[in-house]
Amino acid sequence: MNTDLGSAPDVTPPDRVVVTGASGWLGQNLVRALAPSRAQVRCLVPDATAVPLLEIAGPSVDVVVGDVRDPDILDRLFSDTASATVFHAAAVIHPASKRTRELYDVNVGGTQLVLDRARRAGAGRFLHVSSNSPFGANPTADDRFTEDSPFAPYLAYGQSKLEAEELVRRATERGDVEGVILRPPWFYGPFQPARQTQWLATIRRGRFPLVGDGSQRRSMVFTGNLVHGLLRAEVAAAAPGRAYWIADAEPHRLDEVFATVRRALAAEGLAVSGGQPRLPRLAGLVAATADSALQSTGRYVQALHVLGELKDTIACDISRARSEIGYDPPTTLFDGIRASVRWCLERGQSL
Amino acid sequence: MTRSSRIIETEVLIIGSGAGGATTAAVLAEAGRRVTVVEEGPWIDPDAVEPFSIEEMVRKYRHHGSSAALGSPPIAYAEGRCVGGSTEVNSGLWNRLPDYLAEEWSRTYDIDEFSPTALDAYAERVESWQSVGKVPGAPPLSSALLERGAAKLGWRSVEFSRVFRYEAGVADATRGVKQTMARTQIPRAIAAGASLLPECRVVRLERKGPRIIGALCRQQTADGGPDEDVVVRADHVFVCGGAIQTPALLQRSGIRRRIGSGLKLHPTIKIAARFPHLLDHDSIPMHRVIEFAPNLTIGGSASRRGHIGLALADSGLDHEDALADWERMSVYYAAIRSEGSGRVRAVPGLRAPLVTYRLTDGDMSRLARGLVHLGELLLAAGATELHPSVEGGPVVRQTDELLQWWNRVDRTRSNLMTVHLTSSVRMGNDRSSTGADSFGAVHDFDNLRVNDASLLPDAPGVNPQAAVMTIALRNAEHFLASP
């Protein structure tokens, strides 16, 4: 059925959209892609300092400041949004509170409240930005996640994103919204948070460790590719009720990712150290164990979490998105990292 | 034994007279078995105590209704302790076990003959005994408000069936009589020849290898003198004390493998809501908001003056003014299915077992969300003032104040309770996760069975009485058919 729909004509994109998490890494890119062509881009941001940067994207941008867990704020966000597409990108990945509870409050609770408002407002498609984390790590370096792979959520974040997906699936099954679940892995691209700038800078200085032998594969996604995927999912006839991996064309070996970052930095005229410190895979295991133990008491330490995941293969197959919704990622890792580096340099960020 | 013991010989000993024990007793007695039921609590004439009152709580609940599962936060729980068990004190709401759970449990715990179709056939028979039905005429206002609020928000709600009997032609919801075990299965069992010993507490079971040969009990004497030791010798023993007392008794008797761990309950958070109009206080709302079910369900609680006082006290804020206006108030709740689990442990020398329960962060978040959903619903239903069961509140009067509750509901400030306790033994062929087989026979024993809420492998997300009675009937008939 879906192969037939894969060739069915696109639906017309609505001229009104709602974007949650609009000041985030994906949100900033998405709003800039939507603003020129839509009559109204209603944005939810948690903090008023983000408003000017969004408003310069165009006159169609209309920002609501508030908490995604606030029923009153969501009433305002969804006022007069019948048929609007909802891009639900608000989520917490590294909790500022350092407590895992925040992951559930925002990722699960926020999703339930947004779904409820979308239904009440009579909104159109509901594009839910999920993650690779409901699936954990691939069993071998050559394995690739498909949409049919079994769930194996990785710690509290993975659990919260899986529960959010379940809410979207259920709301779709019972006809409350027309949900589509998009699962992007590790992002890169403009509007990156400080942690990503630090990652690039540490690689440039030859100080970012490679955990294990570097043969573990990682799927990554350039924010521009992800925006392209979201816009395809908004209009593709086959998308409602489906889930898709949205990533760059192919996964890379982790040592290749680091080498590509070094080449991209050099191509942008930056001097790059050739050093590559290495950590045994055991270090990643130790970090993952410590992370898991801390999370079981509700505590979250970002560095441990990141180090714990670096040992793993987290790689997906984007065939279904290609065939069903016409997703075709235009940007390569090298070009995308160059764009990220330029974005940093243009903003005077030191790398 | 230092004192002389009275000895009672019987074919089947049933320990506990609640939904599980009373059903087992009626089925076995009517099949011609010689049945003795022992019940720790007293016989209380079901007409003697006002339903859903504080007096009922004091007389029919264990510890006068003030038990708690320890943890962070602790969870207060209530169990009936009288002939009829918790069916004497519960809301009488009736929900069959959801089909998807029957399928999931059958798969996960490897339970034989546990298909939704098989269970439905038993449920239908139990329902024919229990006068299951909807309220005649209009539901009480406290219940209708749930439906009204839900309709405003576009949330799904249902009116649940209840085990209430109405005289023909009565169209007043409050004039039904709850069909508790003391009114239905216990009289049936007695009419079929079963004997009932109230105020008789089983201290421990006596075993000989894989057989239970009897039970050592202590019975209160009618004249208030010292308790009398009673030994009940039986060919078969059914332990039906509920999810706390059943594992505690088994442990006291040296039976510990997979017994007492995996306790499940429905953690519940409450709001005492004030409305600008008078409300009814004689029954418990039969509407439920199921928009977020099965993981989160919204409903109403007993709301006589005493209950409203207790609910208001949970915030620790000044509530004199609200209490004075109690006739315009009612108590509502949000209950969750919890990922966490607990343990029941018999402690040597102590009469009450130690009960602990660990809520996960996901559970705490779900409770916070439940409180926010419930607040939104009650405001939509016209409430003007919401007092949450959270220390320090705050009291909320409009939607833009609900956000504060997300962070207030934490492990130190939340006052949680439950009336549904299950899963401390669990049934199934998977011995790594169950204490009893697919029909409640305790693993490795010849003549020892459990037949109560302890057998449900997980929390059902709905009032468990229907599931408990259905499974009890199924297991009792399986026993009768066994060689």
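Which residue of strand 3 of chain A does Cys43(A) stand opposite? The partner is Val63(A). The model is a predicted one. This report starts from that pair, moves through chain A, and then turns to chain B.

**The sheet of chain A**

Strand 2 of chain A covers residues 40-45. Five bridges tie strand 2 to strand 3 of chain A, and the two run parallel. Both belong to an open sheet of seven strands in chain A, with the order 3-2-1-4-5-6-11. Pairing in this sheet is parallel. From one strand to the next, the twist averages 20°.

Why do strand 3 and strand 11 of chain A each have one side without a neighbour in the sheet? Strand 3 (61-65) and strand 11 (243-245) stand at the edges, and each has a single partner strand, so one side of each stays free of a neighbour in the sheet.

Two helices of chain A lie across strands. Helix 5 lies across strand 1 (16-20), strand 4 (85-88) and strand 5 (125-129) of chain A. Helix 6 of chain A lies across strand 5 and strand 6 (178-183). Their angles are tabulated here.

| Helix of chain A | Reference strand of chain A | Angle |
|---|---|---|
| Helix 5 | Strand 4 (85-88) | about 175° |
| Helix 6 | Strand 6 (178-183) | about 150° |

**Chain A as a whole**

Chain A has 13 helices and 13 strands. Its C-alpha trace spans about 55 × 45 × 40 Å along the principal axes. The radius of gyration of chain A is 20 Å, which agrees with the value near 20 Å for a compact globule of 351 residues. Of those 351 residues, 51% count as buried. Take the contacts in chain A between residues at least 6 apart in sequence: 77% of them join residues at least 24 apart.

**Where chain A touches chain B**

The contact between the chains takes 17 residues of chain A and 15 residues of chain B. On the chain A side, the elements giving two or more residues are helix 4 (71-77), helix 5 (101-121) and helix 6 (155-173). Helix 5 of chain A gives the largest share, eight residues. By residue class, the chain A side divides into four nonpolar, five polar and eight charged. Helix 5 and helix 6 thus appear twice in this account: they lie across strands of chain A, and they give residues to the side that touches chain B.

**Two domains in chain B**

The domain assignment splits chain B into domain 1 (1-43 + 82-131 + 179-259 + 422-483) and domain 2 (52-80 + 135-178 + 267-418). Their centres, taken over C-alpha atoms, are 28 Å apart. Domain 1 of chain B puts 27 residues into the contact, and domain 2 of chain B puts in 24.

Which elements of chain B each supply at least two residues to the domain 1 side? They are strand 5 (93-94) and helix 7 (242-252). Helix 7 of chain B gives the most, with six residues. The domain 1 side divides into nine nonpolar, 16 polar and two charged residues.

**A sheet in chain B**

Chain B has an open sheet of four strands in the order 20-19-14-23, with antiparallel pairing. Strand 20 (354-358) and strand 23 (421-422) of chain B are the edge strands, and each pairs on one side only. Strand 19 of chain B (residues 341-345) is joined to strand 20 by five bridges, and the two run antiparallel. Within this pair, Arg343(B) has Thr356(B) of strand 20 as its bridge partner.

Note on methods:
Residues numbered from 1 in each chain as written. Chains lettered and ligands numbered in written order. Predicted model: local features only at pLDDT ≥ 70, side-chain atom pairs only at ≥ 80, totals over all residues. Contact = placed C-beta atoms within 7 Å. Nonpolar A, V, L, I, M, F, W, Y, C, P; charged D, E, K, R; others polar. Domains from an automatic or database assignment. Rg over C-alpha atoms; globule rule 2.2 N^0.38 Å. Buried ≥ 20, exposed ≤ 12 C-beta atoms within 10 Å, placed from the backbone. Pairing = 2+ DSSP bridges. Axes fitted to C-alpha atoms, helices over the stretch in contact; angles between N-to-C directions.
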